[in-house]
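Student: I would like a close look at the charged side chains of this protein, taken slowly and with the surroundings of each one described.

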Amino acid sequence: MQGFDRWTGLRGMKMIELTINGKKTAVERGTTILAAAAGLNIKIPTLCNHELLEPYGACRLCLVEIIDGDRSQVTTSCNYPVTRPLVVETESEAAVKARRMVLEMLLGRCNTSEKLNRLAAEHGLAESRFELDYDDCILCGLCERVCREVVGANAITFANRGVDRVVMPPFDEADNCIGCGACVYVCPTGAIQIQEDGDQKIIDRWSRVLELKHCKSCGVEIAPVFQCDYLARQAGLPEDFFDLCRDCRVAQR
Ligand code: SF4
Ligand code: FES
């Protein structure tokens, strides 16, 4: 069966040739430059990209240079679909300079992120010249997308515009948050933290406090009650399915 290209809306598996850092390859039409580069073992730094999620193009770190004769263009690679033959440079002066500037801006906002500091060091940056209002959230949108696209809980959204833009629970009520921790896992800056306090799981950034469920047989901790109920409903499982941990369930079969 022929594939459907979500970028161009065209059907067909047309292969397109491109050259990245002098290496030739051919990719299916609609493949992103980032993915094409990965296929050649060429690593382009990213902060807002995840293979399971739709590209969003928020952090601007994945900049590369596309050379077209004597013209060139610096563009993000994670959301640039290959629809015609291209010549791409990931380490040209223009691409590296643009990425350094992006990193410097991000570091000026959030200098506590281990990942940002590591990327900055890899780009020869020890510190930022900019002193912006501190915020450990760089608005990469990974938390919002993983919650909506993968978990399906829709517990995080973007609010406001411009400098006031933030990620937060819809209407500032984290009622939909199941406490799965997917947002904590994908966040590149550590802006979302999860902790346990006695029988509670707490996600500070969303002010979400969830009671933990324990196995009725052995007492081992399973997951937040709200998460167990959500998963049972989604999967059409009996209401008492998560009353037992996996081991006790298997033992009682
Ligand atoms: S909280 Fe983390 S994952 Fe969410 S937008 Fe901010 S930096 Fe990205
Ligand atoms: S990884 Fe491409 S814009 Fe963030």
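Student: In which strand does Glu211 lie, and what can be said about the charged groups on the surface and about the salt bridges?

Tutor: In this predicted model, Glu211 lies in strand E10, which runs over residues 208-214. With a relative accessibility of 55%, Glu211 counts as exposed, because the cut-off for that class is over 50%. Glu211 also takes part in a patch of negative charge on the surface, where it gathers with Glu196, Asp199 and Glu221.

Turning to charges that are paired, the structure holds twelve salt bridges, and three of them can be followed here one by one.

One of these joins the side chains of Arg84 and Asp68, with a distance of 3.9 Å from N to O. Arg84 sits in the loop between strand E4 (71-76) and strand E5 (86-89), while Asp68 belongs to strand E3 (residues 63-68), so this contact ties together parts that are 16 residues apart in sequence. Both partners count as partly exposed, Arg84 at 35% relative accessibility and Asp68 at 38%.

Another salt bridge brings together the side chains of Arg205 and Asp136, at 3.0 Å from N to O. Here Arg205 is in the loop between strand E9 (200-203) and strand E10, and Asp136 is in the loop between helix H3 (114-122) and helix H4 (142-151), so the pair ties together parts that are 69 residues apart in sequence. Arg205, with a relative accessible area of 30%, is partly exposed.

Within helix H4 itself, the side chains of Glu144 and Arg148 meet in a salt bridge of 2.8 Å, again taken from N to O. These two residues are four apart in the helix and are therefore separated by about one helical turn. Glu144 counts as buried, because its relative accessibility is 11% and the cut-off for buried is under 20%, whereas Arg148, at 37%, counts as partly exposed. Returning to the Arg205 and Asp136 pair, salt bridges that share partners join these two residues with Arg109 and Asp135 into one network.

For a nonpolar counterpart to the charged surface, Met101, Met105 and Leu132 make a nonpolar surface patch of about 250 Å². Met105 is found in helix H2, which covers residues 93-109, and at 37% relative accessibility Met105 counts as partly exposed.

Conventions: Residues are numbered from 1 along each chain as its sequence is written. Chains are lettered from A and ligands numbered from 1 in the order in which they are written. This is a predicted model: local features need pLDDT of at least 70, side-chain atom pairs count only at pLDDT 80 or more; totals for chains, interfaces and linings use all residues. Side-chain values use heavy atoms; hydrogens and water are left out. Patches are made of residues with over 30% relative accessible area and no salt bridge: like charges are joined within 9 Å, nonpolar side chains (Val, Leu, Ile, Met, Phe, Trp, Tyr) within 5 Å. Accessible areas come from the Shrake-Rupley method with a 1.4 Å probe; for residues, only the protein chains shown count as cover. A salt bridge is a side-chain nitrogen of Lys or Arg within 4 Å of a carboxyl oxygen of Asp or Glu. Lys and Arg count as positive and Asp and Glu as negative; His and the chain ends are not counted. The place of a charge is taken as NZ of Lys, CZ of Arg, CG of Asp or CD of Glu. Buried means under 20% relative accessible area, exposed over 50%, partly exposed in between (1.4 Å probe, protein chains only).
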